[in-house]
Amino acid sequence: MGRWKEIERISAPAIIPKYGPLTGMRVLMTGSIVAAPFASSILAEYGAEVIHVERPNMGDPYRAQAPVIERGDKRVSAGWIQEGRNKLSLTLEINFKIPESKEIFLSLIKNCDVWVENMVWTEKLGITEKMLLEINPKLVIAHISGFGRPQFGGVPSECDRPSYDPIGQAEGGYMYLNGFPEPSPPSHAATFINDYLTAMFTVNGILMAYTHAQKTGQGQAIDIAQIEAMSKCLNDTFVQYFQLGKVRERKGNKVAIFQPGNVFKTKDEKYLNIGAFGAAVYYRFIKALDLDPKVYTYEAAGCSAEAINSELGLELDRIATEWVAAREAEEALQHLLSLKVPSGIVRTSADLAASEHYQKRGNFIEYKDETIGETVKAFGFCPKMSETPAQVWRGAPILGQDTDVILKTLLGYTPGEISSFREIGVI
């Protein structure tokens with residue numbers, strides 16, 4: 001054993017096509033629902049060669065997350081179709097008590113630029129940062145957890161807590177601010193927004209550390225906590241508390257410090273968001289409603305919490321509510337936009353799928369999903385890049401689809417060795 005000491009690193013990409021600004025980066029990802037997979041999805045869309053490690057015969061639970069699309073005996077999560085694409089699937093039982101497992105994992109580490117994990121208890125598996133950085137000094141290690149790792153500070157028992165997206169929203173302070181005032185309870189944001197934000201902070205950290213490693217030859221560990229990703233997105237909430245002694249409260253859809261800034265119901269039972277921050281935009285809104293700007297001044301009715309809660313400010317909110325309620329959403333929107341008042345209809349997925357703007361932006365793409373073996377349609381890319389665009393070179397893989405080619409191409413194992421690994425359940 002100790003193959004990692006002898007093998008030569010194979011430059012990336014060795015298995016996938018060459019494209020995007022991150023071509024040449026290879027990522028090993030040992031994680032599941034949702035932050036680590038999404039972080040690696042972003043890297044994969046822009047050219048990184050991403051190896052997604054999954055447990056043999058089990059796979060990432062993300063594959064089975066409802067709703068599931070069924071085609072005969074084939075089943076795949078809608079979420080997996082969206083986020084599993086562009087990745088190589090390698091099955092591997094990560095347990096350093098098994099010599100073969102340790103050898104494969106460490107050999108992969110030597111061949112990768114980045115390791116992303118959200119398993120949390122890596123030390124219990126026999127994996128330490130010191131060990132990995134000795135094998136690959138330029139390695140970027142991205143740890144994703146609910147409450148952070150004790151190596152970066154904190155209360156050890158807190159760091160050891162399990163977590164999921166809504167827990168991160170709750171413990172990170174976001175949930176308290178989301179929703180309507182009492183007696184309504186706090187509300188969590190849908191679609192795993194905490195996991196997605198955590199993933200984006202992970203990508204940011206990886207790119208910074210990767211740049212540093214390429215310049216200096218020095219790798220490092222990054223610690224991304226769900227709660228801190230959430231707290232980082234709370235704007236001035238903590239400055240309000242520390243400097244003003246003020247605990248920020250949830251306000252529902254109405255912006256607390258200027259108006260108009262609210263969601264209004266339309267005649268055709270839709271919803272329109274109008275936001276007009278600053279005097280110039282405010283007065284465009286006043287003109288749109290054909291109101292007297294000398295009466296409904298910005299200072300008296302729109303520029304502060306005091307103004308919008310004054311008698312005149314509340315009157316303006318009532319007028320705006322009635323004005324929108326008397327019009328269909330598209331009519332109100334076009335009138336406001338004609339005067340450059342920022343506003344937007346609350347859209348459904350069906351609305352966006354039919355949107356000419358979304359279609360001409362190329363926001364929906366088609367590709368073959370490997371799991372169900374048919375062409376699917378999904379959301380495309382953000383950001384868009386002029387010279388090194390993102391692409392989908394392959395849809396989400398079948399469990400273990402790339403195990404053999406990875407072990408052979410990157411690590412030099414023979415078909416016989418790979419077969420023996422499979423017999424003992426390592427892959």
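**Exercise 1. Find which residue of β2 is the bridge partner of R26, and place that bridge in its sheet.**

Solution. In β2 the bridge partner of R26 is E49, where strands (E, at least two residues) and helices (H or I, at least four) are DSSP runs numbered from the N terminus. The model is a predicted one, in which local features need pLDDT of at least 70 and side-chain atom pairs count only at pLDDT 80 or more, while totals for chains, interfaces and linings use all residues. Residues are numbered from 1 along each chain as its sequence is written, and side-chain values use heavy atoms, with hydrogens and water left out.

The next step is the pair of strands: β1 (residues 26-30) and β2 (residues 49-54) run parallel and are joined over four bridges, and two strands count as paired if DSSP finds at least two bridges between them. Both belong to an open sheet of six strands, which pair in parallel in the order β5-β2-β1-β6-β7-β8. Because β5 (87-91) and β8 (220-225) stand at the edges with a single partner strand each, one side of each is left without a neighbour in the sheet. From one strand to the next the twist averages 20°, an angle taken between N-to-C directions on a scale from 0 to 180 degrees, with axes fitted as lines to C-alpha atoms (for helices over the stretch in contact).

**Exercise 2. Determine which strands α1 lies across, and which core takes its largest share from this helix.**

Solution. Helix α1 lies across β1, β2, β5, β6 (114-117) and β7 (140-145), and runs at about 165° to β1. Helix α3 (residues 99-110) also packs on the sheet, where it touches β1, β2, β5 and β6, and its direction makes about 145° with that of β1; contact here means heavy atoms within 4.5 Å.

Turning to the interior, the largest nonpolar core has 40 residues, and those with the most contacts inside it are M25, V27, L43, A48, V114, V116 and I206. Such a core is a set of buried Ala, Val, Leu, Ile, Met, Phe, Trp, Tyr and Cys residues joined through side-chain atoms within 4.5 Å. Its largest share, seven residues, comes from α1 (residues 35-45). If residues up to four places away in sequence are not counted, L43 touches L22, M25, V27, A48, V203, I206 and L207. Another core, of 34 residues, lies apart from it and includes L92, F105, L132 and I135.

**Exercise 3. Classify the ring pair of Y282 and Y283, and state how buried or exposed each residue is.**

Solution. Rings of Phe, Tyr and Trp (its six-membered ring) pair if their centres lie within 6.5 Å, and planes under 30 degrees apart count as stacked, over 60 as edge-to-face and the rest as tilted. By this rule there are 12 aromatic pairs. The rings of Y282 and Y283 have centres 5.2 Å apart and planes at 80°, so this pair is edge-to-face. Y282 is buried, with a relative accessible area of 0%, whereas Y283 is partly exposed at 30%; buried means under 20%, exposed over 50% and partly exposed in between (1.4 Å probe, protein chains only). Elsewhere, ring pairs link F96, F105 and W115 into a cluster.
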